[in-house]
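Please look over the model shown here before reading on.

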Amino acid sequence: MLERLQYVKQRFDEVSDLIIQPDVIADQKRYVQLNKEYKDLKALVDKREEYINLDGNIKEAKEIISDGSDAEMVEMAKMQLDEAQERLPQLEEEIKFLLIPKDPEDAKNVMVEIRAGTGGDEASLFAGDLYRMYTKYCENKGWRTSVMDMNEGTAGGFKEVIFEVTGEDVYGTLKFEAGVHRVQRVPKTETQGRVHTSAATVMVLPEAEEFDVQIDMNDVRIDLFCSSGPGGQSVNTTKSAVRMTHIPTGLVAQCQDEKSQHKNKDKALQVLRSRLYEMELAKKQEEDAKKRNSQVSSGDRSAKIRTYNFPQGRVTDHRIGMDVFDMDGVMAGNIQKFIDELQLVANTEKLKESEVF
């Protein structure tokens, strides 16, 4: 293990030197990438230091015990040895997880698309609840959210809402939220008090850079139309809203959030690029899932992943069989416990197939 960690230390020293070089600081993109690598490597270098210290403590304690000339020192050495030997296996596990190669997509920002599914008005209201849940979660993480497009439901909520999330390791965290979310509750319109089941689909698309996906604009049909919804006098009078259709794939992206047609074009292209990128990524994830029989990253968008049972106050994640009895907390954005558990399962699967040790 120490030999592997020595390579990490060498790379950490290299990166530490690079991020203070003027030419690297001037290249903003490279500087950000190296800063991210520095933080990841630092976590491993800190664990390496702890490992070396523990290893030294064990050797020193064994020498004192084997010498046996000072009874008081032997007693202290035994305590030191017990503590170090108890901590060592935990530390080794932590290092193994940190050494698992990270998906390059994990550091990307994302587009989140929430669509009302079966259930009519109730499904739109639930899509609105999910949107608030995710924006609260993002706010707590210090991430920024920005609405790209929305289509409001007739009784509230959304038939569809697309928003961008920017921050650190956004895709690596939110990718586990993709799939079908189901709600069981009594709708406000229900007079008999019967529980209805509705659904909404969540898609999490890693935001594609221009060099990730090349779009030939000759393959894109652009339609302009009047915006709908709030926005003052420009709404329904100027054709500022933009719809883009990628003819080879049939993928469509639109944006009407900005008053400027130019800004809406840029945003729609951003969404289109991310959808094309995610389409390719979904194929790869499906292939990977078949290889490892993954339960948390199948690439199957139609998979039912979570049920929100309001009468019982229970939220169930079906992939890991986890129940949380805190409906108010979850709907207020407290979903980290699900994400932590899903990340642990995914990392354990990766660890089994990797040849780190």
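Questions and answers on one sheet and two loop residues follow.

This is a predicted model, in which local features need pLDDT of at least 70, side-chain atom pairs count only at pLDDT 80 or more, and totals for chains, interfaces and linings use all residues. Residues are numbered from 1 along each chain as its sequence is written, and side-chain values use heavy atoms, with hydrogens and water left out.

Reader: In what order do the eight strands of the open sheet run?
Author: Strands are DSSP runs of E, at least two residues, numbered from the N terminus, and two of them pair if DSSP finds at least two bridges between them. The pairing in this sheet is mixed. Strand 2 (144-152) and strand 11 are the edge strands, each pairing on one side only. The order is 2-3-1-5-4-9-10-11.

Reader: Which residue in strand 5 stands opposite Ala 116?
Author: Strand 1 (residues 110-116) pairs with strand 5 in the antiparallel sense, over seven bridges. The residue opposite Ala 116 is Ala 200.

Reader: Is Arg 319 buried or exposed?
Author: Arg 319 lies in the loop between strand 10 (314-317) and strand 11 (322-324). Buried means under 20% relative accessible area, exposed over 50%, and partly exposed in between (1.4 Å probe, protein chains only). Because its relative accessibility is 13%, Arg 319 counts as buried.

Reader: What is the relative accessible area of Met 217?
Author: Met 217 sits in the loop between strand 5 (196-206) and strand 6 (220-225). Met 217 is classed as partly exposed, because its relative accessible area is 39%.

Methods:
Helix = DSSP H or I, 4+ residues; strand = E, 2+ residues; numbered from the N terminus.
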